[in-house]
Amino acid sequence: MHTASSPRVNYFLYESSSGYALFERLESEEIGSKLADVVAASSDLTKFGKMVKLKSFAPFKSAAHALENMNDVSEGIMNDHLKAFLEMNLPKPGKKSKVVLGVTEKSLAGSIKEGLGYECDASEIVLDLVRGVRFFGDKLLKQLKEGDLERAQLGLGHSYSRGKVKFNVHRSDNMIIQAIALLDQMDKDVNTFAMRIREWYSWHFPELVKIVNDNY
């Protein structure tokens with residue numbers, strides 16, 4: 001990972017709901033206070049535009065492709081699509097031209113370093129850079145039309161959440177079934193815990209078994 005003595009971040013990865021974007025960092029100064037000024041300006045891209053430059057953008061092929069990639073990102077997996085994107089757009093790592101790639105997900109940063117050999121940074125400075133890109137995303141990603149990013153975020157958010165809660169669109173009563181199963185499991189757990197308490201406390205107070213017949 002990036003340390004105080006390591007070269008500064010000169011590229012960073014932005015995983016949007018529409019695709020992967022690779023930005024080049026132009027400013028050498030710390031971005032924290034400058035970013036606050038840009039955010040305060042709301043619609044002024046002049047300051048932030050001097051700090052970063054879009055190098056490449058690879059849109060996802062479909063909603064299913066976006067979901068597959070976001071699942072891999074959340075699990076820290078560098079899949080073939082991301083690997084090919086980085087290999088195509090990042091300079092080859094060398095002694096003279098040091099490449100330090102900013103990645104927000106630490107587990108993904110480890111996979112990229114292991115798979116491609118690039119030094120990765122997941123520090124606060126990278127979060128500030130990505131925060132600025134996210135704020136001005138619709139203006140920086142010129143390949144997208146107005147509203148495309150919001151629609152992609154909404155669709156991907158529903159798909160990602162549905163996968164996480166194991167929601168079945170063909171079974172409208174699936175949530176009720178899961179709730180009943182959860183209540184049954186809780187009932188068994190409470191019964192087991194109460195039985196253990198009676199058993200253990202009986203060593204101190206044997207008459208408890210006669211006083212409390214049921215577990216709860």
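Here is a chat about the sheet, two helices and the largest pocket of a predicted model.

Q: Before we start, what kind of model is this, and how are residues numbered?
A: It's a predicted model, where local features need pLDDT of at least 70, side-chain atom pairs count only at pLDDT 80 or more, and totals for chains, interfaces and linings use all residues. Residues are numbered from 1 along each chain as its sequence is written, and side-chain values use heavy atoms, with hydrogens and water left out.

Q: OK, what's the strand order in the sheet?
A: S3-S2-S1-S4-S5, an open sheet of five strands with mixed pairing. Strands are DSSP runs of E with at least two residues, helices are runs of H or I with at least four, and both are numbered from the N terminus. Two strands pair if DSSP finds at least two bridges between them.

Q: Which strands are at the edges?
A: S3 (52-59) and S5 (119-121), each pairing on one side only.

Q: And how do S1 and S4 pair, parallel or antiparallel?
A: Parallel, over two bridges, with S4 covering residues 100-102. Phenylalanine 12 sits opposite glycine 102 in S4.

Q: Which strands does H4 lie across?
A: S1, S2 (19-25), S3 and S4. H4 runs at about 140° to S3; angles go from 0 to 180 degrees between N-to-C directions, and axes are lines fitted to C-alpha atoms, for helices over the stretch in contact.

Q: How does H4 pack with H5?
A: H4 (residues 80-89) and H5 (residues 106-116) pack at about 65°, axes 12 Å apart.

Q: Which residues meet there?
A: Leu82, Lys83, Leu86 and Glu87 from H4 meet Leu108, Ile112 and Leu116 from H5, contact being heavy atoms within 4.5 Å.

Q: Switching topic: how much space is in the largest pocket?
A: About 360 Å³. On a 1 Å grid over the protein atoms alone, a pocket is an open set of points where a 1.4 Å probe fits, with protein on both sides within 12 Å along at least five of seven lines; lining residues have an atom within 4 Å of a point. Points are joined across faces, edges and corners, and the volume is the space filled by probe spheres set on them.

Q: Which residues lie nearest its centre?
A: Glu15, Ser16, Ser17, Met70 and Leu156, out of 14 lining residues. H8 (148-164) is one of the elements supplying at least two of the lining residues, and H8 gives the largest share, four.
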